[in-house]
Structures are given as structure tokens and as C-alpha cells.
Amino acid sequence: MSAASVEFQRLSHQGLEPTHFEGIDSALALKYYVLFAKVKDEIAVCLGEPYLAESLGFLSKYEIAAPIYLLDQESFDRLYNRFLEQRTDRELSDIGGADDRINEVAEEEEGFSLAEFLRNKADLLNSEEAAPIIRFVNALFYQAIKKGASDIHIEAHERKGEVRFRIDGALVRYVDLDLRIINLVISRIKVISNLDISEKRVAQDGRTQVNIARRTLDIRVSILPTYYGERVVMRILMESAEIPHLKELGFEADLIAGLSDLLEHSHGIILVTGPTGSGKSTTLHSFLQRVATPQKNVITVEDPVEYKADNINQVQANPKVGLTFAAGLRSILRQDPDVVMIGEIRDSETAAIAIQAALTGHLVFSTLHTNTSTGAITRLVDMGVERFLVSSSLLGVLAQRLVRKLCEKCKIEDELAESYETEFGLKRGTKIYKAVGCPECNHSGYKGRRAIGELFIPDDETVALFKETIEEHAIRDLAIKKGMRTLQRQLISLVADGITSMDEAIRIGVKSK
């Protein structure tokens, strides 16, 4: 088959599924970007324009009686990635049933060579490397993405090692492995993260980038020595393309409207509060994407930088060299910013500079670790910020949580105990549901999460109250009286609507008030 004799039919916006062409090695064809799929109910050859030279060279060696289509880039990439995913699934199945084979190569893999194994630029799914340990680590990243995991935990116990994924905020066991294999896996992770492979006595922190199925993953790696061996936690960081828009965060419409109004201000401070893992960083970055324009200078100081965004300037805090949040914020304010985001207000110095920045014409976003929106006032004053400065600069406080949603496939009705009726204000006869677990939800009983939030916006009456007291209960009672919908009320609504369980609501922190 020569290039001159080929006539291409062009196809675009196709969602094709991979298929096999008899007599052709699919893995070899994939290497030369020759894909097969059913088009109009017949098997066809699908090519991509950037790879025509390699593809036609491969096709010239075969007599293939099939139509040839030239796909647009998006359709080709989608089909190509589906081939990669299928191949990785097969490899993972092979590895899963090949513990003996992994043990056989264990001794050979004891001494890793940085030059040989450091492949940060290569696509892991498309790697030709056959070593089972390397293939297992590659597949680990792939499976984590496929299952929607935010973190990968690898830990050693007395008799075995364990790999777990954090999915929807909860850790789910993925696989148990021999301790020797766990050590080899950790060594491989150290290599691709540029960490010291021989050092096992101290904690190490690193970062790596991998390309998997044409997608770049930025991964933060933390290694900690424990009693039975090293423990690794890898946080999968997101890119700007994955940052949800404000309306996609899952909050109620009234709350989104309130946030949108706050983001129209040119100066002042907006705080997001909540415990670790409640989605504060995601919300802050959705704020930044909302306000970032070519006319504005947007700068952040974060620890760590969790989302890479092309349209903003991001500074990684590094306390070891003196670049704390406070020091970074001081430097940022000399960079003529319009919008400033501080990853977290941790101390009185950072709080004071952030409030001053808000008062001097900057729009400031940051987070605080408080359980409620109104508790942010007390926390700032406890940090040494004067009351009048808080009331003058604070635009609003959003307290948020991420609530796991019950799996629709397996949830079952739960009994409404009398204690629930009295303590949580549920009406008699309300149907509530509980988690069970099935393959659809990884046997957790939950699938997906939803954000809830309470938005506190100080008004004149609230500011007047600041002058008399900063007692949280008084401020909170006034905010509720003026229409603030609390986290507790929203949680109870989700339980009553069958979206989540009472167990989950209690875990998140339902109180009777």
C-alpha cells in the first residue's frame, strides 16, 4: 500500500471504540499509530494526520482490504487513548495474577539505575519497558485516575504491604502485596520523583510529572519512615483545565448568586473555611478562574501549588528558605497585584498583612481552619487583628463540606430512629436511606460527592454587633435570623431527600441546631 494510492475519507467528531483486525498485531499497529474501529458497521483503518508517514509505512507491509479514514485530532486522540487503556487493563490483569513472576524479578530490580528508569517525559502507558514492577507502578497511576482517586497510599505492615486509593474522601483498599515488592515499588517511585533511593531513615518530599494517556499528571510525593518500613502518599494534583466553574461546585443556587456578587468587588477579603479535605482549594481556584482576566494581575502564594493554572502567577511557599506565607505575601504586594490568593492564614503576621492588603485596594482570597463561617471572625480577632479592621475589610466567609452521595444502585431504606426525629428535627415518616455497597461503588455504598456551604455576608447590623461582641453564638444567631442557611440544615435536607445517609451526615458534623 503506497501513500500515492491511498484516498482518505475524513471523519470528525467521532466517538469510536477500538476493535481488532484479524492477522494484525494490535500492539505493533498502535506503535505506528494505526488504529482499527468499526465505522458504518464495518472494520476500518483510522489514522491521524500528524502520524501519516509512520502509519503508511506500517500499512505498506500489509494487504488490508478495509476503508481508510483520516480522523480529526480530537477523535483520533480519543480512540488512541481507548487503545492504551485497554492494553493497560490487560497488563494489570496479568500483573495481578503474576505474583510469582514479580518475585522472580525482585532480586534483579534491587539496584535501580536513574538513567535507565527516569522517564518523566515518556508516556507511561506507551512505555515499552517490560519489567513487572515498572509496569505495576505505571498501572497504579492509570488505575488511580480511572477510579477518580485523589491520593495513592502505599504502606508496609508487619507481614504485608498495602496499596489504598482515596476516592470521594474515603480510603479504599486496592491491593495487598508482598513486603519485598512494596519496597521495590517505593524505590521506583523515589526514582521518578528524584528522591534519594538509599535514604530510608528520614522523611522525604518530592514531586514528579508523568504523562499517561496523553494527559499530564503532576504528583506530589511524601515518604515517611515507619516502624515496619517506609510509607508513601502521592497526591494527584489537577491542572487548570480541570478546575470546576463556580456553578459546577455543587452549591445551592442562592449561595452561588451570593458568591458571584462578592466576586464583583475590587477590594476586600473573602475567606473559605472548613477542615482538611473539604474542597477549600478547589473553591478558591474556581474564584480565581472567575476573576482572572488579561487586564488583571493575579498572584497566589500556596503550599503546595495544587492546581497549575496558565492565566495566574503562582508562588510555592518554602519555609525552609524563609519563603513563608507572610514573606511571600509581602513580596507579592510589591508586584502590583489586583487579586491575591493566600493558601492559608496560619499566623497573626499573615492575617495582618492579608487584612491590610484588602484595605489598600486588593481583592484577597484565603482559607482558615474553622468549622463555621461565623467562627472566622473570632479566629481573626484571636490572631490579633483589630475588630474594626475585620469589619472594614471582610466581604464574606464561606464554610463548606464535601458530602458523599449514596450509591443509587445499592442504597436501602434505613429505620428512622426516634432519636433522629428529636435531635435532628426530621419529621415522623421521613424515608431515609443507608449505604450497603456493590461493585458499582467499589463496595463503599457511596458514589460521588456534593459540596454544601453556608455563606456569611456581614451587613450594617452585623458590623454594629462586632463593636459590642465577637462571641460566635451571638453573631451566628443574628446571621441565621437574617436568612443564612446553615450546613446542618443542608445536611438534614440531603438525608431527607435520600441523597446521603444519616451516618454520613453525622460524620460530616450534624448538630441539633
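**Entry 1: the chain as a whole**

I began with the surface, and the accessible area of the chain comes to about 24700 Å², of which 47% belongs to carbon and sulfur atoms. I note at the outset that this is a predicted model. Of the 513 residues in the chain, 49% are buried. I then looked up the secondary structure, which comes to 18 helices and 20 strands. For contacts between residues at least 6 apart in sequence, I found that 64% join residues at least 24 apart.

**Entry 2: the four-stranded sheet**

I followed the strands of an open sheet and wrote down the order β1-β4-β3-β2, with mixed pairing. The edges are held by β1 (9-11) and β2 (35-39), and each has a single partner strand, so one side of each is left without a neighbour in the sheet. From one strand to the next the twist averages 45 degrees. Looking at β1 and its partner β4 (residues 68-71), I noted that the two run parallel and are joined by three bridges; R10 stands opposite L70 in β4. I also looked for a helix on these strands, and α2 (residues 52-59) lies across β3 (42-48) and β4, running at about 140 degrees to β3.

**Entry 3: two residues with positive phi**

I checked backbone angles around β2, bearing in mind that most residues other than glycine have a negative phi. Y33, in the loop between α1 (26-31) and β2, has a positive phi of about 60 degrees although it is not a glycine. D41, in the loop between β2 and β3, is likewise not a glycine and has a positive phi near 65 degrees. I then asked myself whether Y33 is buried or exposed. Its relative accessible area is 18%, and Y33 therefore counts as buried, the cut-off being under 20%. D41 has a relative accessible area of 76%, and for this reason I entered D41 as exposed, which requires a value over 50%.

**Entry 4: helices α6 and α7, and a hairpin**

I turned next to α6 (residues 132-146) and α7 (residues 179-192), which pack at an angle of about 70 degrees with their axes 10 Å apart. That makes α6 roughly perpendicular to α7. On the α6 side I listed I133, I134, F136, V137, N138 and F141, which meet I181, L184, V185, R188, I189 and I192 in α7. Sorted by class, this contact has ten nonpolar, one polar and one charged residues.

I also looked at β6 (residues 161-167) and β7 (residues 170-177), which run antiparallel and are joined by seven bridges. E162 has D176 in β7 as its bridge partner. The two strands form a hairpin with two residues between them, and D168 in the turn has a positive phi of about 55 degrees.

**Entry 5: the seven-stranded sheet**

Further along the chain I traced an open sheet of seven strands, in the order β14-β12-β15-β16-β11-β17-β20 and with mixed pairing. Here β14 (313-316) and β20 (446-456) stand at the edges with a single partner strand each, so one side of each is left without a neighbour in the sheet. The twist in this sheet averages 20 degrees from one strand to the next. Within the sheet I checked β15 (residues 339-342) against β16 (residues 363-368), and four bridges join these strands, which run parallel; the bridge partner of M341 in β16 is F365. Lastly I noted that α8 (residues 253-262) packs on the sheet, touching β11 (268-273), β17 (394-406) and β20, and that the direction of α8 makes about 55 degrees with that of β20.

Notes
Residues numbered from 1 in each chain as written. Predicted model: local features only at pLDDT ≥ 70, side-chain atom pairs only at ≥ 80, totals over all residues. Heavy atoms only, no water. Pairing = 2+ DSSP bridges. Axes fitted to C-alpha atoms, helices over the stretch in contact; angles between N-to-C directions. Contact = heavy atoms within 4.5 Å. Buried < 20%, exposed > 50% of the residue type's maximum accessible area, 1.4 Å probe, protein only. Areas by Shrake-Rupley, 256 points an atom, 1.4 Å probe, with all protein chains shown as cover. Parallel < 35°, antiparallel > 145°, perpendicular 65-115°, else oblique. Nonpolar A, V, L, I, M, F, W, Y, C, P; charged D, E, K, R; others polar.
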